[in-house]
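Good morning, colleagues. Please take a moment to look at the structure on the screen before I begin.

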Amino acid sequence: MTKKLVIVGGVAGGASAAARARRLSETAEIVMLERGPFVSFANCGLPYHISGEIESRNALLLHTPESLRARFNIDSRTQHEVISIDRAAKTVTVRDLCAEREYVEHYDTLLLAPGAAPIRPPLPGIDDPRVLTLRNIPDMDQIMAALDAQVRRVCVVGAGFIGLEMIEALRHRGLEVTLIERDPQIMAPLDAEMTAPLLEALQRQQVKLHIGDGLAAIEPNPQLQLTLSSGARIETDLVVLAIGVRPENKLAQDAGLTLGVGGAIAVNAQQQTSDPAIYAVGDAVQVRHVVSGHPVILPLAGPANRQGRIAADVIFGKQATYRGSQGTAICKLFEMTAGATGLNEKALKAANIPYRKIYIHAADHAGYYPGAKQISLKLLFDGDSGRVLGAQAVGESGVDKRLDVLATAIQAQMTVDDLAEMELSYAPPYGAAKDPVNIAGMAAQNLIAGLSSLIDLEELDAAISAGAALIDLRQPEELRQGQIPGAENLPLPQLRAQTQLPKDAPVIVYCQVGLRGYVGQRQLQQRGYSARNLNGGFRTWKMTQTAKSFSGKGNS
């Protein structure tokens with residue numbers, strides 16, 4: 001039985017492990033060593049204090065060394081950096097950053113929770129003091145101090161969760177914001193077409209966008225002069241780097257522990273490293289992806305907390321196993337919410353996992369109740385078994401509710417049949433008798449059963465070039481929203497009486513979101529036509545075109 005547990009790092013994984021360890025053992029000595037000045041804080045809340053939405057800085061401080069001592073009898077020491085591990089002697093060497101001294105601490109079991117560090121690419125000018133990152137409270141304080149110093153223009157580099165949240169925070173403060181993203185799309189957990197509503201929201205908020213164009217150099221003139229890969233130049237007062245993180249693996253590497261993908265610390269399902277006396281949790285570790293089974297890095301707060309709890313259970317003799325991660329994540333961007341769970345289409349292709357997909361665009365609650373907003377949902381599933389592999393959703397309201405249901409379905413290895421049959425809460429202000437999750441399941445059922453014959457957008461041009469007729473089933477007044485080039489308008493109510501369509505060529509039908517297209521496709525097939533329905537309808541086609549239009553050029 002462990003008599004002394006030493007934890008390197010606090011925040012999510014380390015602090016969770018320490019609290020769980022104390023609940024399991026009142027007699028164990030628990031020492032938590034944190035390099036920074038804060039042992040437990042809400043790092044996911046940092047952008048919202050910068051924006052002013054979380055007014056009190058103290059609201060982000062979850063625990064102090066004093067509160068951990070009083071509640072849990074945990075010896076937590078801030079500004080104590082562990083600089084080496086002696087596995088044979090079971091000791092760590094610690095540098096007290098305040099007293100400028102080093103000492104040795106013994107452990108029976110060691111738990112590593114060092115987290116991940118923001119990436120700072122080796123670019124000219126990257127070390128200018130006006131180029132900042134956001135990982136912890138001192139970083140937040142530095143950004144806020146800089147914003148108070150006559151800053152009007154800020155460039156955010158990177159369009160992941162932190163980057164987008166920072167853009168919202170900065171615009172909330174009334175600053176001019178430019179986004180630079182090297183990849184051809186924003187928010188990588190989503191597939192490109194699903195980011196279109198977010199791009200439109202950024203444009204409405206007058207954020208200048210440079211998508212598919214990376215930062216190449218920074219010149220520290222009186223104002224910062226940024227040069228992009230395309231040669232474009234931008235003048236700004238401040239830069240916030242949000243291009244990703246890398247595992248803090250130096251301690252583990254120097255100690256000879258096995259590392260995995262991307263340099264992350266390799267652990268088993270009990271969070272144990274290659275040394276049986278050393279465990280590791282949080283953003284620094286490699287995890288098994290629930291869907292693919294492959295090792296991945298998924299730096300998220302929820303998994304870090306669960307891993308800390310599981311590691312403490314195992315250390316103190318309980319049976320516990322970490323099931324893996326599936327990357328469930330969500331982001332607020334102005335009035336929009338977007339999130340993903342499981343694998344996206346890009347990841348499924350990279351892993352050579354066969355899949356089918358459907359798009360639905362449905363109201364977040366009953367359409368006849370005021371205030372209904374559209375949710376765009378993409379569901380990815382196994383075309384044979386129907387097992388749910390991934391989902392993405394974006395909209396103004398109700399996205400989190402549907403995403404959490406689909407995340408639960410993925411962990412439980414449910415199928416689209418289960419989605420169709422789910423009994424979810426319904427009253428007009430909250431949902432509909434057929435929830436968007438049910439509709440997605442039913443649409444996938446129809447596809448697997450052969451009732452629905454879909455054509456995906458990436459197949460459309462080739463099919464038209466080969467002679468397929470493209471029929472727009474919407475009402476004439478709907479065409480003001482646009483029309484797919486080459487389409488002939490034939491409203492659905494007139495389709496049954498139509499006798500002029502040639503039966504010797506394929507017919508592709510579409511409507512606004514796919515439902516009328518499905519009705520038209522079924523009608524035509526039963527009349528002897530070779531008919532397919534465009535997956536997701538005009539709305540998905542328009543989202544795809546929007547995403548393409550923002551990639552590879554500056555937009556203002």
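A cavity, in the sense I shall use, is a set of grid points where a 1.4 Å probe fits but cannot get out, and its lining residues are those with an atom within 4 Å of a point. I should add at once that the model before you is predicted.

Let me start with the interior. How many cavities of 30 Å³ or more does the count come to? The count comes to one. The largest cavity holds about 40 Å³ of space. Its lining consists of Gly282, Asp283, Val285, Val287, Ile297, Leu298, Pro299, Leu300, Pro303, Ala304 and Gln307. Sorted by class, eight of the lining residues are nonpolar, two are polar and one is charged. Helix α8, residues 301–315, contributes the most to this lining, with three residues.

I turn now to charged pairs. Side chains of opposite charge can pair when their charged atoms come close. Across the whole structure, a search finds 33 salt bridges, and I have chosen three of them to present.

In the first example, Arg153 and Asp237 meet through their side chains at 3.3 Å, N to O. This pair links distant parts of the chain, 84 residues apart: Arg153 belongs to strand β12 (residues 153–157), while Asp237 sits in the loop between β17 (233–236) and β18 (238–241). Are these partners buried or exposed? Arg153 counts as buried because its relative accessibility is 16%, and Asp237 is buried as well, at 14%. The cut-off for buried is under 20% relative accessible area.

In the second example, Glu478 forms a salt bridge with Arg516, and their closest N and O atoms are 2.8 Å apart. Here Glu478 lies in the loop between β29 (469–472) and β30 (488–489), and Arg516 lies in helix α15 (residues 515–525), 38 residues apart. Glu478 counts as buried, at 15% relative accessibility, whereas Arg516, at 25%, counts as partly exposed.

The third example joins Arg95 and Glu81, at 3.9 Å from N to O. Arg95 is in strand β7 (residues 91–96) and Glu81 in strand β6 (residues 80–86), 14 residues apart. Arg95 is partly exposed, with a relative accessible area of 31%, and so is Glu81, with 21%.

Finally, the surface. Tyr368, Tyr369 and Tyr426 form a nonpolar patch there, with about 370 Å² of accessible area together. Tyr369 is located in the loop between β25 (356–363) and β26 (374–381), and it counts as partly exposed because its relative accessibility is 36%.

Thank you for your attention.

Notes: Residues numbered from 1 in each chain as written. Predicted model: local features only at pLDDT ≥ 70, side-chain atom pairs only at ≥ 80, totals over all residues. Heavy atoms only, no water. Patch = residues over 30% accessible without salt bridge, like charges linked within 9 Å, V, L, I, M, F, W, Y side chains within 5 Å. Areas by Shrake-Rupley, 256 points an atom, 1.4 Å probe, with all protein chains shown as cover. Salt bridge = Lys/Arg side-chain N within 4 Å of Asp/Glu carboxyl O. Helix = DSSP H or I, 4+ residues; strand = E, 2+ residues; numbered from the N terminus. Buried < 20%, exposed > 50% of the residue type's maximum accessible area, 1.4 Å probe, protein only. 1 Å grid on protein atoms, 1.4 Å probe; cavity = no way out; pocket = protein on both sides within 12 Å on 5 of 7 lines; lining within 4 Å. Points joined across faces, edges and corners; volume = space filled by probe spheres on them. Nonpolar A, V, L, I, M, F, W, Y, C, P; charged D, E, K, R; others polar.
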